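This report concerns the ligand site, the pockets and the enclosed spaces of one protein model. The structure is shown first, and the description follows.

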Amino acid sequence: MGLNYYKIKRNVLKARKLVIQGTSAAGSGHPGGSFSMAEILGCIFYKHLKYDPKNPTWEERDKFILSKGHASPGLFSNMAVAGYFDTSQMKTLRQFGSKLQGHPDLKCPGVEFCGGSLGIGLSYSIGNALAAKLDGKDQMIYTVMGDGESDEGQVWEAAMAAAKYKVDNMTVILDRNFIQQDSYTEKIMPLDEELVGDDLTDMWKDASRWKTGDKWRSFGWNVIDVDGHRIEQISNAINKANQTKGIPSIIIARTIKGKGVEHMEDNPQWHGKAPKPEFVPIIEQELESQFMIAPSIIAGDMSNLEKEVRRCEEGRADYIHLDVMDGQFVPNTTFDHTKIKELRPHTVIPFDTHLMINDPVKHVGDYIDAGSDIITVHAEVCDESSFGEISDMLESNQVGIGLAINPDTELPEWSYKFIPLLDQIIIMSVVPGKSGQKYILSTHEKTQRIIKQLHENHFEGYIEADGGVNLDNIGACFEDGARAFVGGSAIIGQSDVRLIIKEFRNQVLHSRRQLLIKKAHNLGGIELVNQWIDLHVVGKKKDSLVQIAKELGFQ
Ligand code: DX5
Ligand code: ZN
């Protein structure tokens, strides 16, 4: 399908919501393992897998095999988003006669494998991959396995067989979420260095203990380790795995069970349990409230931007914000596409290119070639015709489409027809030109007003807050509706980027918890607030929620 990073993210969100709707309607099912593999399936379905949803048995298709079949809501939701059937069918999940059962079944056109019994998907995939070779087909097999099912001996027999037969037209992804039905994998049957003690979740976060890859390497596999919730890392790993010839490849994706919904995250209870219907609107709001931190590297050492990119990497930034200034649209000059091209090999983190230049339509091609993942141009220097040209170019090159407005600019009339296409809108909260300026307070009111207009006009992208964002105002920017946050002086200008990004995230998390508690209160008063809080049993989340509820007068 070949969608850009932002549209993959958007589809992952749609799929996650469908998982919640489907399992909640069924009253049972497996949201935890569906969510740990959500980004993995997003990359497979919307970027790498070759298929035709209107012709599921197309001879030339690639095959996706979900070995951990209990996570079928995750599979079905993506099949719905991809167009195999209408999304409304997710509500028939697990119903008698529905083609969407608790485990994938060939009755559902497009499903390639009945994944009820665990441990056999890899063997089945190897058979398919070898058959494709015998038939001389240019076909890839993508297989997602669970770490729980790695307890099965057949997995390791298959691992040996794949190496022996040099199965290289198959890419396996291990959803290493660390939890299986009854408990943590490391308690049931350790895959990594054995963890002993009570706080396994915390111990597991220590990367030096991750040894699963060594097991696969010793079986003769090409092993790639990734953060399984980062689209850019998964996609890059799939490309590398697909290109590796002569040996089989496995991507070990470190994931979080239940990822996206705080009370489900890292909690073995949510392996196979459905959310109650009264929580669905709150969970949906939580899913819609995912956010991204985007350090702006012009606030660092302009003579060594490679180092600044490294600091973003170390700080686990979601995007790298690249402020291009041409000395005409704004008085300053920063760098242009040649520098971006030089920086590109240093990271796979998405490049969020903000063009503060005149005549963007003339230059946008260079910024696409340089490797931007999204390009945002200013409304002040576009019109309907030039922006149309820009958005066509971006779309056909799988680059995200962004539009920015200055503090004294409103969304122009001509922009309305493009709103459903936009991946991002930057509402500038300083007069563009340099980092280190003060946030213009009236931006809060402006953002809230514009977001209302955008939603009436089918906007599905993200609002990015850019200019003077810091720890004191990021919570308010989130409340306005911004979901991506640029930080120049407040992030890159600080010595410990990792720490400050963590603090940014915690601040937004706090505001998000407030928002959800208010939502619970609106829907069901103090009783629902308390029930919501009680769901949060892992870690220190509950204490924070109780505190927030008290502050809001709900306890
Ligand atoms: C302003 C730029 C911003 C800015 C961010 O012209 O578009 O991205 O550099 O820096 P701070 O966060 O310091 O305002
Ligand atoms: Zn910017």
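## Ligand site, pocket and cavities

In this predicted model, an oxygen atom of ligand 1 lies 2.8 Å from a backbone N or O atom of G468. A backbone N or O atom of G488 is likewise placed 2.8 Å from an oxygen atom of ligand 1. A side chain also takes part: an N or O atom in the side chain of H354 is 3.3 Å from an oxygen atom of the ligand. On its own, ligand 1 has 380 Å² of accessible area, and the protein covers 100% of it.

The elements that contribute two or more residues to the shell around ligand 1 are β7 (320-325), β8 (351-356), β13 (484-487) and α18 (488-492). Strand β7 supplies the largest share, 3 residues. In total, 20 residues surround ligand 1, and the closest are D323, G433, G436, D466 and S489.

The second largest pocket has a volume of about 420 Å³. Its lining comprises 22 residues, of which K47, E232, S235, R344 and D373 are the closest to the pocket centre. Two or more lining residues come from each of the helices α1 (5-26) and α10 (231-243). Helix α10 gives the most to this lining, with 5 residues.

Where does the second largest pocket lie with respect to domain 1 and domain 2? The pocket lies between them, because domain 1 (31-269) and domain 2 (291-494) both give residues to its lining.

The structure also holds 6 cavities of 30 Å³ or more. The largest cavity contains about 100 Å³ of space. It is lined by 13 residues, and those closest to its centre are L49, F64, Y84, G110 and E112.

The following table sets out the residue classes for the three sites.

| Site | Nonpolar | Polar | Charged |
|---|---|---|---|
| Shell around ligand 1 | 6 residues | 11 residues | 3 residues |
| Lining of the second largest pocket | 9 residues | 9 residues | 4 residues |
| Lining of the largest cavity | 9 residues | 1 residue | 3 residues |

The shell around ligand 1 thus includes 11 polar residues, whereas the lining of the largest cavity has 1 polar residue and 9 nonpolar ones. In the lining of the second largest pocket, 9 nonpolar residues stand beside 9 polar residues.

Terms used: Residues numbered from 1 in each chain as written. Chains lettered and ligands numbered in written order. Predicted model: local features only at pLDDT ≥ 70, side-chain atom pairs only at ≥ 80, totals over all residues. Heavy atoms only, no water. 1 Å grid on protein atoms, 1.4 Å probe; cavity = no way out; pocket = protein on both sides within 12 Å on 5 of 7 lines; lining within 4 Å. Points joined across faces, edges and corners; volume = space filled by probe spheres on them. Nonpolar A, V, L, I, M, F, W, Y, C, P; charged D, E, K, R; others polar. Near = heavy atom within 4 Å. Polar contact = N/O pair within 3.5 Å; in protein donor to acceptor, adjacent residues only side chain to side chain. Areas by Shrake-Rupley, 256 points an atom, 1.4 Å probe, with all protein chains shown as cover. Helix = DSSP H or I, 4+ residues; strand = E, 2+ residues; numbered from the N terminus. Domains from an automatic or database assignment.
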